[in-house]
Structures are given as structure tokens and as C-alpha cells.
Amino acid sequence: MVRIRPFMKGDEEAYVRVHNEGYSTEAWYGSLEKVLKFENFSELSYDSTFLAEVNGKIVGLIDVKVREKIGDIENLVVLPKHREKGVGKALLEKAIEFLRDRVEKIRVETPIQSKNAIRFYLKNGFKHVANAYLVESQNKSKLRPYLGHNFYFVRNHIYWIPDNKQMELLKKLKADFSLIGEFKVMVKTI
Ligand SMILES: CC(C)(COP(=O)(O)OP(=O)(O)OC[C@H]1O[C@@H](n2cnc3c(N)ncnc32)[C@H](O)[C@@H]1OP(=O)(O)O)[C@@H](O)C(=O)NCCC(=O)NCCS
């Protein structure tokens, strides 16, 4: 029987273990998203995290963050041995319960390589609304006017997730960037 509960102090080690072991099945993990280190745990900032427990062992997690009236699923991962038993769905349902009074829509950006996850979200009522791209550029000043909210800096580099339209614009501008990854943006009304 799966039990879903909020993250509590003391769960940090289990969170990092499930995060890394769970994502290790995905080809993009370690490149598109850096492997999570225990010492970097305190840098994570979500509005809520729920954990899935089976026989007292943590086997899955989901992180949510509210941005501009949309609830973003930031992470959803289940240990490989515990998949296809409804754990992912139970985590998603708990996140929706938390978000229901706060937002009308939830969103997820899933790497295009993660076929299982894409099928999971479509089966759970998400609609594919756009593609997004993770791009990296060293030229901050040229890109700055075109950046939406969805970007972050790592030293001199800008990592940015533009949508289809912004990506077209970048190509027209012949902006100096490299493509790191591609995502399906999926949305569900709750
Ligand atoms: C995506 C992910 C979280 C789904 O977790 P899960 O626990 O396997 O999800 P569920 O068990 O609820 O559903 C998965 C499938 O199992 C099926 N299933 C659920 N309970 C079942 C049962 N008792 N018996 C057989 N099948 C079952 C579901 O119908 C579903 O089928 P589908 O793949 O055809 O849609 C998991 O595959 C994962 O961790 N992937 C790697 C991380 C990742 O890519 N995350 C998304 C990026 S944000």
C-alpha cells in the first residue's frame, strides 16, 4: 500500500537518493539536469514536496512550485522497481489536491526523451501545448531583451527555456546560443 505524505525535516537523504536513483533511468539525467548532491539540497526551493512511502520506505517524490497562477510540477519521480503500480498517479493526485485552491492550471515540462513520463501525463489529463528548449549562451547582453521569466544564470552562461515562438526569434536573430535540450510543455486544468 502506498502512503503519500508531506516532506519533513529528516527526509533530506532519502529525497536525494530517490531523486538520483529514480532519474538515473533517463538518458538526459546528469547532462540536461545535474545530478543532485546532498550538500546542494538547501538550494532547492519548492512550495510543496510530497513523498510516497511503501512499507515505510520512500520510493517516490513530487515537487510543486506556483508561478504566476500556474502550478509547476518541478519533479516527479518513482524508483524503477516501484513503477507501474499507481505510485506516480497517487503523488500527482496529492499535488493537485494541494494546488486546487491556489491555481487553475498545472504545467510540466518533460524532456522529449522521457517517453514513459509523456505517456503518463497525457493519460492523466495533460495536453501538449508547446515545445520548449533549453539553450545556453555566453552572450547575456544580446539575449537579455528576449528572456522571459524562465531563465537562470550559471557563472557567465545563461540557461533559458524559450517556447516555440521565442526559439523562432532566436534563430532569426542568429543569436549565439547552443541547444541543450528539448521539452514538451503539458498543461492540465484542475
Ligand atoms: C513518470 C513516472 C513518475 C510514472 O510513475 P509510475 O509510478 O510508474 O506511474 P503510475 O504507476 O501511476 O502509471 C504508470 C503506468 O502504470 C500503469 N499502472 C498503474 N497501476 C498499475 C497496476 N497496478 N498494474 C499495472 N499497471 C498499472 C498506469 O496505467 C500507467 O500506464 P501508462 O504508462 O500506459 O500510462 C515514472 O515513470 C518515473 O519516475 N519516470 C522517470 C522520471 C521522469 O521522467 N519524471 C518526469 C519528468 S518531470
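**Exercise 1.** Place Gly-71 among its neighbouring strands.

*Solution.* Gly-71 stands opposite Ile-106 in strand S5. The chain crosses from S4 through helix H2 to S5, and this β-α-β crossover is right-handed (with the strands pointing away from the viewer, the path from the first strand over the helix to the second runs clockwise). Helices (H or I, at least four residues) and strands (E, at least two) are DSSP runs, numbered from the N terminus. The model is predicted: local features need pLDDT of at least 70, side-chain atom pairs count only at pLDDT 80 or more, and totals for chains, interfaces and linings use all residues. Residues are numbered from 1 along each chain as its sequence is written.

**Exercise 2.** Describe the pairing of S4, then state whether S4 is buried or exposed.

*Solution.* Step one: S4 and S5 run parallel and are joined by 3 bridges; two strands pair if DSSP finds at least two bridges between them. Step two: S3 (residues 57–67) pairs with S4 in the antiparallel sense over 8 bridges, and Val-66 has Gly-71 in S4 as its bridge partner. Step three: S3 and S4 form a hairpin with 2 residues between them, and Glu-68 in the turn has a positive phi of about 45°. Step four: 7 of the 9 residues of S4 are buried, so S4 is largely enclosed by the rest of the structure (buried: 20 or more other C-beta atoms within 10 Å of the residue's own, C-beta atoms being placed from the backbone).

**Exercise 3.** Which element gives the largest share of the shell around the ligand?

*Solution.* Helix H3 does, with 5 residues.

Technical notes
A residue is buried if 20 or more other C-beta atoms lie within 10 Å of its own, exposed if 12 or fewer, and partly exposed in between; C-beta atoms are placed from the backbone.
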